[in-house]
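Here is a friendly walk through one protein chain, for someone meeting it for the first time. Have a look at the fold, then read on.

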Amino acid sequence: MQELNPIPTPSDFLMDQWRKLNDDHFGGRLQEPPEVDWVEGISAFGQFGRVFGAIGINAQFRDVEESVRAAKVSKRMPTDEECARLVFVLGILLHEMVHQALHSDGSRSGAHADEFVAMANSIDQVAELKWPVCTADNAARWPFPEQVELD
Ligand SMILES: [Zn+2]
């Protein structure tokens with residue numbers, strides 16, 4: 001059976017989140033990717049494309065963008081559930097940004113090897129979002145505690 005090609009949908013919402021994470025956690029040093037997209041038909045939660053430098057987030061989380069927008073439009077605070085899902089998406093994005101940072105530094109090491117751990121632990125922490133310590137054991141799923149399929 002032929003595999004479906006992932007269908008990317010560029011998202012201003014994701015790009016805005018990327019910019020905020022870049023400022024908060026990387027001192028603004030990362031180069032803006034050509035696209036940050038919701039992607040249909042991928043099994044991983046996120047992906048960083050080493051060829052073009054685009055970041056894809058699994059479109060199964062697209063409801064986060066919609067709920068954040070809906071809360072803004074109706075001038076209400078997001079619910080705890082909506083906040084938790086937003087933080088989850090930010091975590092996926094942050095993970096891919098660590099790959100991006102390594103790639104732009106010319107890293108040739110394996111995806112979640114020592115360099116990934118060092119990079120993840122070198123990012124700036126901010127008070128509102130405390131990310132956990134990255135270790136050799138949790139690097140492939142960092143910053144999440146449970147097994148998730150990040151790429
Ligand atoms: Zn990864």
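A residue is called buried if 20 or more other C-beta atoms lie within 10 Å of its own, exposed if 12 or fewer do, and partly exposed in between, with C-beta atoms placed from the backbone. Helices (H or I, at least four residues) and strands (E, at least two) are DSSP runs, numbered from the N terminus. What you see is a predicted model, where local features need pLDDT of at least 70 and side-chain atom pairs count only at pLDDT 80 or more, while totals for chains, interfaces and linings use all residues. Residue numbers start from 1 along each chain as its sequence is written.

Let's start with the whole thing. The protein chain has 4 helices and 4 strands, and from the N terminus on they come in the order β-α-β-β-β-α-α-α. Its radius of gyration is 15 Å, close to the 15 Å that the globule rule gives for 151 residues, so the chain is as compact as a globular protein of that length. (That radius is taken over C-alpha atoms, and the rule is 2.2 Å times the number of residues to the power 0.38.) Along its principal axes, the C-alpha trace spans about 45 × 45 × 30 Å. Of the 151 residues, 30% are buried.

Two residues are in contact if their C-beta atoms, placed from the backbone, lie within 7 Å. Among contacts with a separation of 6 or more, 57% join residues 24 or more positions apart.

Now for two of the helices, sized up by their ends. The expected span is 1.5 Å times one less than the number of residues, and in both cases below the end-to-end distance agrees with it.

| Helix | Residues | Expected span | C-alpha end to end |
|---|---|---|---|
| α1 | 15 residues | 21 Å | 20 Å |
| α3 | 25 residues | 36 Å | 35 Å |

Helix α1 tucks away L14, Q17, W18, L21, N22 and H25 as its buried residues. Seen down the axis, these fall within an arc of 140 degrees (the arc of the directions from the helix axis to the C-beta atoms), so they line one face of α1. Turned away from that side are the exposed D12 and D16. The cover over the buried residues of α1 includes β2 (36–40), β4 (55–58) and α3. Just after α1 comes G27, with a positive phi of about 60 degrees.

What about the middle? A nonpolar core is a set of buried Ala, Val, Leu, Ile, Met, Phe, Trp, Tyr and Cys residues joined through C-beta atoms within 7 Å. The largest one holds 27 residues, and I57, L93 and V98 touch the most other members. Two or more residues each come from α1, β2, β4, α3 and α4, with α3 giving the largest share, 9 residues.

Leaving out residues up to four places away in sequence, V98 touches F116, M119 and A120. Those three are also the buried residues of α4. They cover an arc of only 100 degrees around the axis, which puts them on the same side of α4. The other side of α4 has D114 and S122 exposed, and what covers the buried residues includes α3.

Finally, the link between these helices: D105 sits in the loop between α3 (80–104) and α4 (114–122). Why does D105 count as exposed? Because D105 has 9 C-beta neighbours inside 10 Å. G106, which follows α3, has a positive phi near 80 degrees.
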